[in-house]
Every structure is written in structure tokens, then in C-alpha cells.
Amino acid sequence: MTISGVALLAICTLLGGFLGDLLGVALGVKANVGGVGIAMIFLIAARLWLVRRKLLSHGLKTGVEFWGSFYIPIVVAMAAQQNVVAAAKGGPIVIIAGAGAVAVCFAMVALIGRLSGRVETMDEIEAREAETLAAPVPQFKSGRVA
């Protein structure tokens, strides 16, 4: 059922919010730190766990996909609530942390790209499929067996 997908999302959101609040307290920040991101990681992990055990029904999948599509607008709305100017006035650590996070992300993308090996490009895939479609289909003659 679709309601099961919504329930799974709600559980992941509550866990992510709780852990984000704990992380905020641990860091000495009076805010939820990464709660939505943690919730989405839980949702992805739960979905993969269900798929591996063949427990992901169509309704559950539909509910997860429906609410998962709201992720980007929710993150944008939450980011709009942040007071970036006040954070930047708090000291240079904010700029250093932001630049460091971006640098780590760039490095990880490069590392994953190198570790994944050669990947077939879309042009190569389309050329291979065109060759497959252009290949003649063998025709069998019907006849009597003597």
C-alpha cells in the first residue's frame, strides 16, 4: 500500500530529525544538523534492504517514490530558513568548513570516477543498439522433412 511507503518515510524522517538534533547538541549548535540528509540515507538504506529481501511491494515503492520526489524542494525550503549572514559573521570557520566540504565532494567524485573503471558512453550504447537492429534477421525456409 502507498500508506506503507508514507509510514516508512515518516519513520526515517523522525529518526533523521532525532539524530540531527543529537548531532547539533554534540556540536554545540542550537539547530538540527543534517536531519533531512540522515533521513534520506535511512530511506535509501531501508528501500535497498526491502528490495534485497523481495519485500518491496508496488504500493510501498509508489509511496516512497512519491514522497522521495519532494526531497529537493524540502531541502531548498529548509536552506532558505538558514541565516547565512549571521553564520558568516560568527567567524571564518563557516567559510573554511564550507570550502572543505566542497573540496571533499570534488575529490570523492574524482576518486569514484577513477575506481569505477571504463564506462560505456551513451554514444557507444546507441551505436551498439543500432548495429543490433541493423543486423539481418535469419530467415528459415519451411519445407518437408524427407
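Select Val104 first: in this predicted model, Val104 is found in helix H6, which covers residues 93–115. Extend the selection to the whole of H6, a helix of 23 residues. From its first C-alpha to its last, H6 reaches 32 Å, close to the 33 Å expected at 1.5 Å a residue.

Next, keep Val104 and add Met108, Leu111, Ile112 and Leu115 as side chains. These residues form a nonpolar patch on the surface, and their accessible area together is about 510 Å². An α-helix has 3.6 residues a turn, so residues three or four places apart point the same way.

Move past the end of the helix to Gly117. Gly117 follows H6 and has a positive phi, near 80 degrees.

Now colour the spans annotated in the record. The unreviewed UniProt entry places the feature "transmembrane region" at residues 30–50, 62–81 and 93–112. Two of these spans may be inspected in turn:

- Residues 93–112: the span is 100% helix and 0% strand, and its end C-alpha atoms lie 28 Å apart.
- Residues 30–50: the span is 76% helix and 0% strand, with 35 Å between its end C-alpha atoms.

Finally, select His58, which has its place in helix H3, residues 58–68. Is His58 buried or exposed? His58 counts as exposed because its relative accessibility is 65%, and the cut-off for that class is over 50%. Add Gly5 to the selection and draw a C-alpha to C-alpha distance: His58 and Gly5 are 9.6 Å apart in space, although 53 residues apart in sequence.

Conventions: Residues are numbered from 1 along each chain as its sequence is written. This is a predicted model: local features need pLDDT of at least 70, side-chain atom pairs count only at pLDDT 80 or more; totals for chains, interfaces and linings use all residues. Side-chain values use heavy atoms; hydrogens and water are left out. Patches are made of residues with over 30% relative accessible area and no salt bridge: like charges are joined within 9 Å, nonpolar side chains (Val, Leu, Ile, Met, Phe, Trp, Tyr) within 5 Å. Accessible areas come from the Shrake-Rupley method with a 1.4 Å probe; for residues, only the protein chains shown count as cover. A salt bridge is a side-chain nitrogen of Lys or Arg within 4 Å of a carboxyl oxygen of Asp or Glu. Helices (H or I, at least four residues) and strands (E, at least two) are DSSP runs, numbered from the N terminus. Buried means under 20% relative accessible area, exposed over 50%, partly exposed in between (1.4 Å probe, protein chains only). The expected span of a helix is 1.5 Å times one less than its number of residues. UniProt positions are given in the numbering used here, feature names are shortened, and annotations may be inferred rather than shown by experiment.
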